[in-house]
Amino acid sequence: MIYDKLSNAKRYLGFSPNLDAALRYIAEHDLNELPIGKTSILGDQVYAVVSMLQPESAEEIRYEIHERYLDIQLDIFGTERIDIGDSSHMDILEENPKNDLTFVKCNTLVECTMGPGNFLIIRTEEPHKPGIATSKNGTIKKCIVKVHI
């Protein structure tokens, strides 16, 4: 997990060509101009998904992991909390390999308060629980950049 300010995104260049393409894109583009839905950045290797959501309580959301794509999560407007779970002690609840999505049960290690100007890189197989309500409830517009590893 990397949790930082969007203004520092380019500090993390050099890990992989796909991650570099994603980081350059989020650093150099106004994400508020992206349409709702999927936007290709580098074909199926790197793409952004923009959505609107209503945050929920932590108890209503399950931890998820991905095997093929890491996530870069950003709030365009609104604020959510994203919890990162303990991958050393997790139980698989439901697998959907076609969508690169597995739901797991685990304990929380870190709570990250997002909001505009912050980003979170979540590595593959790292449990995360996005969309948790904060004291600043309201609709959130968020962007998840999917990066094939």
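## Exercises on charged and nonpolar side chains

In this predicted model, R81, D83 and E111 are joined in a network of salt bridges.

**Exercise 1.** Work out which contacts build this network, and decide whether R81 and E111 are buried or exposed.

*Solution.* Begin with R81 and D83, whose side chains meet in a salt bridge at 2.7 Å from N to O; both of these residues are buried. Next take R81 and E111, where the closest N and O atoms are 4.0 Å apart and a salt bridge is again formed. This pair links distant parts of the chain, since R81 belongs to strand β6 (residues 81-85) and E111 to strand β9, 30 residues apart. Finally, R81 has a relative accessibility of 18% and therefore counts as buried, the cut-off being under 20%, whereas E111, at 52%, is exposed.

**Exercise 2.** Find which side chain of opposite charge is nearest to E64, and what polar contact the side chain of E64 makes.

*Solution.* Locate E64 in strand β4 (residues 63-65). The nearest side chain of opposite charge is that of K146, 5.8 Å away; because a salt bridge requires the nitrogen and the carboxyl oxygen to lie within 4 Å, E64, although buried, has none. Its side chain does, however, make a polar contact with the side chain of H66 at 3.2 Å. Beyond its neighbours within four places in sequence, E64 is in contact with residues including D71, F103 and H128.

**Exercise 3.** Identify which residues form a nonpolar surface patch with V110.

*Solution.* V110 lies in strand β9 (residues 108-113) and is partly exposed, with a relative accessible area of 31%. Together with M1, Y3 and L109, V110 forms a nonpolar patch of about 350 Å² accessible area.

Terms used: Residues are numbered from 1 along each chain as its sequence is written. This is a predicted model: local features need pLDDT of at least 70, side-chain atom pairs count only at pLDDT 80 or more; totals for chains, interfaces and linings use all residues. Side-chain values use heavy atoms; hydrogens and water are left out. Helices (H or I, at least four residues) and strands (E, at least two) are DSSP runs, numbered from the N terminus. Buried means under 20% relative accessible area, exposed over 50%, partly exposed in between (1.4 Å probe, protein chains only). Lys and Arg count as positive and Asp and Glu as negative; His and the chain ends are not counted. A polar contact is a pair of N or O atoms within 3.5 Å; within protein, one must be able to donate a hydrogen and the other to accept it, and residues adjacent in sequence count only if both atoms are side-chain atoms. Contact means heavy atoms within 4.5 Å. Patches are made of residues with over 30% relative accessible area and no salt bridge: like charges are joined within 9 Å, nonpolar side chains (Val, Leu, Ile, Met, Phe, Trp, Tyr) within 5 Å. Accessible areas come from the Shrake-Rupley method with a 1.4 Å probe; for residues, only the protein chains shown count as cover.
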